[in-house]
Each structure stands twice: as C-alpha cells, then as structure tokens.
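Colleague: Could you walk me through the ring contacts and a strand pairing in this model?
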Amino acid sequence: MLPFAKINKKYALLCVALLLVMGLSAYYMVYRSFSGGENPILLQETEVAKQDSKIKITKDTDIVQKILYLKCNEEEVLKTKPTENLVGLSIYQMQKIYEGWEFEKFDTNEAVMRLKVDGYCREHANNIFIGVKDNQVAVFYGRPGYKPIVKEITAIQVNKLMPHDIEELEKGMVVQSKEELLRTLEGMQSR
C-alpha cells in the first residue's frame with residue numbers, strides 16, 4: 001500500500017501544479033484581452049493626456065490670474081477673456097507661455113492660474129504713510145487703515161511731539177514722495 005500512496009501524492013502534486021499553471025494562464029489571457037494587450041496603467045495615463053490635449057481655450061473661456069504677493073500676503077485676481085493668440089491652445093501650450101504659473105483649473109469655460117511674487121502688491125508698493133508704532137513715529141507701506149506693513153520705526157518719540165502732530169500721526173499722514181517723507185521726518189525731529 002505504500003507504493004500506491006506515493007503515486008497518489010505525486011499525481012496530486014502534478015494535478016495541483018497543472019491547475020495552477022492553467023489558472024494563471026487563463027487570468028493572464030483575460031487580463032490582456034480586457035486591457036487591449038497594453039498595460040492598463042499606461043492606458044489610463046494616455047487617455048488622460050489625450051483628453052487634456054483636446055481641451056482648448058476658446059474665445060469665451062475666462063482667463064483667471066491669481067497673483068499672491070508674498071511680502072504683504074495680498075492676492076490680486078484678474079479675470080479677462082483670451083487674446084486671439086491664446087484661442088485654440090491646450091494646457092501644455094499655455095504652460096509654456098505662462099512659465100512659472102501653476103494651473104489650478106483648465107477647461108473650456110475657465111483657465112485658473114496662480115503666480116507667487118516675492119514682493120509687495122501695488123497698494124503697499126506705491127503708497128507710504130507715517131504713523132505711530134510702539135510710541136515711536138513709524139513709516140508704513142500701504143494706506144492708513146488698510147493692513148499697513150511697517151517699513152521702519154524711527155527714533156522719534158511720539159510723546160515729544162505737538163498734540164496736533166500726534167493727532168495727524170494717529171490718523172496716518174500720507175506722503176507722496178520720498179522727499180516729502182524725509183522733510184516731514186526732519187521737521188518732527190527738530191521739534
């Protein structure tokens with residue numbers, strides 16, 4: 001009975017191995033037929049690329065540009081219609097033209113892009129005023145009341161100024177030029 005048991009074990013192992021090979025072969029053939037003989041991951045990426053390249057800017061597409069100014073943390077949003085030279089472009093062509101911009105959204109209705117600028121927004125860059133910070137006369141970027149950013153704190157003590165000067169400083173004294181700023185500060189120092 002011992003030789004019969006050896007034959008059954010060998011036969012059983014052979015059958016299991018044969019079934020395993022047939023199962024893997026069938027799975028591979030079915031897998032390949034559903035994916036068209038290609039790697040399904042590559043197929044998906046190719047389809048996405050084909051779809052993206054089919055989306056084009058039209059004359060009705062809204063171009064939204066968001067500019068974030070890092071020094072004052074302000075965001076400027078500009079919304080326009082495309083110029084003639086942009087109509088018909090895909091996202092890949094737009095990325096070449098708008099190098100450095102991140103595209104947040106791109107479809108035929110709207111193209112939204114963002115740019116980070118290491119600088120001040122127009123409001124802060126083009127406007128300066130004199131005010132009070134920590135009982136000192138200070139120079140600010142921006143306009144009084146509009147998220148001012150300290151440019152510099154002077155050595156001029158507010159408590160040594162005339163009451164009408166203090167009142168003006170607390171409201172914020174807008175200056176139009178660097179020369180006007182220097183004249184005003186010199187005048188306060190001499191009092």
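Modeller: We can take the aromatic pairs, then burial, then a hairpin. This is a predicted model, in which local features need pLDDT of at least 70 and side-chain atom pairs count only at pLDDT 80 or more, while totals for chains, interfaces and linings use all residues. Residues are numbered from 1 along each chain as its sequence is written, and side-chain values use heavy atoms, with hydrogens and water left out.

Colleague: How many aromatic pairs are there?
Modeller: The count comes to 4 aromatic pairs, where rings of Phe, Tyr and Trp (its six-membered ring) pair if their centres lie within 6.5 Å, and planes under 30 degrees apart count as stacked, over 60 as edge-to-face and the rest as tilted. One of them joins Phe103 and Phe106, edge-to-face at 6.2 Å centre to centre with 75° between the planes.

Colleague: And why is the pair of Phe129 and Phe140 stacked?
Modeller: Their ring centres are 5.0 Å apart and their planes lie at 15°, so the pair is stacked. Phe129 sits in strand 5 (residues 128-133) and Phe140 in strand 6 (residues 136-143), so the pair ties together parts 11 residues apart in sequence; strands here are DSSP runs of E, at least two residues, numbered from the N terminus.

Colleague: Is Phe129 buried or exposed?
Modeller: Phe129 is buried, with a relative accessible area of 5%, where buried means under 20% and exposed over 50%, with partly exposed in between (1.4 Å probe, protein chains only). Phe140 is also buried, at 6%.

Colleague: Switching topic, in which sense do strand 1 and strand 2 pair?
Modeller: Strand 1 (residues 62-69) and strand 2 (residues 74-80) pair in the antiparallel sense over 7 bridges, pairing being assigned if DSSP finds at least two bridges between two strands. The bridge partner of Lys66 in strand 2 is Val77.

How values were computed: Helices (H or I, at least four residues) and strands (E, at least two) are DSSP runs, numbered from the N terminus.
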